[in-house]
Structures are given as structure tokens and as C-alpha cells.
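Thanks for asking me to look this over with you. Here are my notes, as numbered points to read alongside the coordinates.

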Amino acid sequence: MTQSASVQPISQRNRLFAIFGGSAGNLVEWYDWYVYSAFALYFAPIFFPKGDQTAQLLNTAAVFAVGFLMRPIGAWIMGVYADRHGRKSGLTLSIGLMCGGSLLIAVAPSYAQIGYWSPALLILARLMQGLSVGGEYGASATYLSEMASQKNRGFFSSFQYVTLIMGQLLALGVLILLQATMSEATLESWGWRIPFFIGGALAISVLYLRRRLMETQSFQATKDNDGPKSGMFTLFRLYPGQALLVIALTAGGTLAFYAYSTYMQKFLVNTSGFSREAATGIMACALFVYMCLQPLVGALSDRIGRRPIMIAFGVSGLLATVWIFRSLETVRSPVEAFFLVLFALTIVSGYTAINAVVKAELFPASIRALGVALPYAIANALFGGTAEYVAFYLKDIEMESIFYWYVTGMIGLSLVSYLWMRDTRRHSLIDRDLD
């Protein structure tokens, strides 16, 4: 590989600022994404007034899944864009789309005001946000992995999920604050719009921050190369094994993550019987501890490798998932519920803390953002985005326990890929970018 003359060494100070800047933008992206899930219990009747609570949540979960269907398209478009024009440019474009989607939900009229146009606007906003998150994952995973030093790559790339969880916690924090200061009737009437306005405002501020980020050395070193340009057909023609491996290792991990996190809040209300406020508190506490675990697991992967940690997630998830959900069905103590949820989240840390760096290490720089984003988004749309819908549907037909086995089975399938793959820490293509 011929190194570009424009490549400049990165100081430790600039490296840390770049990682902070990329992570901060990721936080806002995921805050905007999760606010929808956190406030679904309140705005579901506004857009879908017919039916009981489960039916309304089923409709909002369907819209949540629709947003995931746009993620492969966003991953494709913005993955190619980030590979050809830079990681920094891709990150800036994604936050703009998220801002627009959040503000659209904030001002959308109710079903009572404009009829079916109301859920149509909700769907449009989620499509915009789906495009944004589809591109954000690949750009931020690539950016953080390329900016990190070799010996700390697992540690620093884990901050993608730290900020992802911080976004979710921020959404829950806003929910707790509004629950404490507003009546339930006010929240259901108009209070649920506040967090979407907050998200739009935060996204605007991040646009300024991301414009100041440095470009990565990996991109600078390869941007003038005459090799194949990033594109979907190039990806699956030249790197089919890596692309299929990303789909396989993501399927069980992303399903487990959404089952243990976003769906779990509704499960605690709809199945366990906790109040909305209690379920929110349980999830906020568990997610905070889970967030703190990510850098620890990432740092561990820098010492013992990525593969052993992913195998530990696969084996633990295979053995414990059904037991965790069964136990939560009958739990009545918030403390016991907290520890059960935390146990589930600790298990999935073996995937979430290192999945970004594992995927980035599989591809060369010229196609890395697309290689990370598109196969991941495909698996995420099929399994992560549909998790809540499948769970609510099975709950609605009184076959909820099948969902527990579905999550277990998908974790088992991903475990096969973990056992088969090479350890990317020792075979990282990022290390070859500047050779």
C-alpha cells in the first residue's frame, strides 16, 4: 500500500479529543433513537387510539421496526459516502438526518387532528432516523477503531456502546424527570413531545462539534489509491466471507441486546406487573452499571483477545436467557428485578463492548465503513428491529415464552460463528492501513 503524503501523525491529545468528539455525537444519535422507545407508553394512544395497551404498543413497535428497515439503506448510502469522502463527513451527515426526524415527531399532529396522516408522519420521521442510525453505526465504529491506538483499540472502541447506553440513559432520565414533574395526563397529552425537542436541539449542537473533528490516518492513507471503490457489489464480491461473518455474529447479539434493554422496560410493565415508574427506575439503574462494564470488557479484549469474550457471551446467553425471562415473569421485588436485568445485560456485554472493533478489524480501510455498516444493518433490521414486535405479537396470542426460546436460539446460531472465526485482535486489517 502506498501511503499518502498528506497523512500526518496524530498526537495523543488530538486522538483523545477525536474519540471524545465521535462518542459525543454517537450519544445524541442514540438518545434520539431511544426516546421513541422510552416514551412509547405515553404517545402510543396519540397516534394509534384504537385497541388496548398491548395493541397500541404493538403498533408503535411496528413503526419502530420500520425504522430498522431503513437502516440497511442508510448503511449502504452513508457507508459508501464515509469510505469515499471521509469518516468525518459521514458522521456529520448522519446527525443532520437524526435532527430532522426528531423535530418532526416533536411537532407531529395527533390522530384526532389529522387522522391517518398522523401515523404517516410518525413513520416518515422514523424512516429518516433509520437512515441516520444506519450510517452512524458504521461511520462511528470505523472512526473510533481507526483513531484508537493498537494496544487500546478494544477499550476505546467500546465507548461506542458507552455513549449508546448513555443516550438510552439520558432518554430514561428525561422520562424520570417528566414523570416526577408532570401528571400522567399531561405527559400523555403533550409532555411526551419535550424529549424530541431536546433531541433536535442537541443534534444541532453536535453538528458544530463534528465539523471540528480530525480525519483518520487510515482514510488519509487510502483515499488516493487506485483500487476498487467502496460499493455494495464490491463488498459482496471481494469480501463475501467477512460480510456474512458480520451478519452471523450480529444476529444473536443484536437480538439479545434489544430484548434485554429496550423491550425489557415494557416487559417489566406488561408481564411482570411493575408500574411504569418502577420499570423505568429498574432499567435506569441496570443500564448505568451495564454502561460502566463496557470499557472493562473492551480493555479485557485487548489482553486476551476478542474471540474468547464473544464465546463467553454466546455460551452464557444460550444457558441463561430462558431462565432470566421466566424468573422475571413472577418477580415482585424491584431489587430482584434489577439484579436479573443486570445479569442479562452483563451477559450481552460480551457482544456489545467489542462488536464494533471486531467488525472494523475485518475490512481494509477503502471499504471499512460500508463493510461494518451494511451487513450489521441487515442483521439488525431482521433481528434487532423486529424484537419488540415479535415479543408483543407472541404476548398478544398468549405464547410469550416462545420469544425466550427465539432469543436463545439466535444466540446459539451466533455462537457457531464465534467458534469458527479467527481472533481479530491478532489478525486486524487496521494495523495494515499505514504499511
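1. Let me start with the internal space. The count comes to two cavities of 30 Å³ or more, and the largest cavity holds about 60 Å³ of space. Keep in mind as you go through these points that this is a predicted model.

2. Which residues line the largest cavity? They are Y34, S37, A38, Q168, L172, S261, T262, Q265, M283 and L287. Two or more residues of this lining come from each of α1 (12–38), α9 (159–181), α15 (262–270) and α16 (276–304). Helix α1 has the largest share, with three residues.

3. On confidence, the average pLDDT of the protein is 86, and 93% of the residues score at least 70. The exception I would flag is residues 1–6, where the pLDDT is below 50. That stretch still has 14 contacts in the model beyond near neighbours in sequence. Where pLDDT is low, though, the predicted coordinates should not be read in detail.

4. Have a look at helix α2, which spans residues 40–47. Seven of its eight residues are buried, so α2 is largely enclosed by the rest of the structure. The buried residues are A40, L41, Y42, F43, A44, I46 and F47.

5. T254 is a good place to zoom in. This residue sits in helix α14 (residues 240–260) and is buried, at a relative accessible area of 2%. Which residue does the side chain of T254 meet in a polar contact? The partner is the side chain of N380, at 2.3 Å. Setting aside neighbours within four places in sequence, T254 touches Y351, A379, N380, F383 and G384. N380 therefore appears both in the polar contact and in the contact list of a residue that is buried, with a relative accessible area of 2%.

6. V357 offers another buried site. It belongs to helix α19 (residues 355–360), and its relative accessible area is 0%. Along the chain, V357 and L144 are 213 residues apart, yet their C-alpha atoms are separated by 8.4 Å. With neighbours within four places in sequence left out, the contacts of V357 are S145, R153, G154, S157 and R306.

7. How many disulfides does the structure hold? The number is zero. C285 is in no disulfide, and the nearest cysteine sulfur, in C292, is 12 Å away. Why is there no bond between C292 and C285? Their sulfurs are 12 Å apart, which is too far for a bond, because a disulfide needs the two sulfur atoms within 2.5 Å. Both cysteines count as partly exposed: C285 has a relative accessible area of 46%, and C292 has 40%.

8. Finally, please check the backbone at E398. Its phi is near 60°, a positive value in a residue other than glycine. Most residues other than glycine have a negative phi. Where does E398 lie? This residue is in the loop between α21 (387–396) and α22 (401–420). Is E398 buried or exposed? At 74% relative accessibility, E398 counts as exposed, because the cut-off for that class is over 50%.

How values were computed:
Residues are numbered from 1 along each chain as its sequence is written. This is a predicted model: local features need pLDDT of at least 70, side-chain atom pairs count only at pLDDT 80 or more; totals for chains, interfaces and linings use all residues. Side-chain values use heavy atoms; hydrogens and water are left out. pLDDT is the predictor's confidence in each residue, from 0 to 100. Contact means heavy atoms within 4.5 Å. Helices (H or I, at least four residues) and strands (E, at least two) are DSSP runs, numbered from the N terminus. Buried means under 20% relative accessible area, exposed over 50%, partly exposed in between (1.4 Å probe, protein chains only). A polar contact is a pair of N or O atoms within 3.5 Å; within protein, one must be able to donate a hydrogen and the other to accept it, and residues adjacent in sequence count only if both atoms are side-chain atoms. On a 1 Å grid over the protein atoms alone, a cavity is a set of points where a 1.4 Å probe fits but cannot get out, and a pocket is an open set with protein on both sides within 12 Å along at least five of seven lines; lining residues have an atom within 4 Å of a point. Grid points are joined across faces, edges and corners, and a volume is the space filled by probe spheres set on the points.
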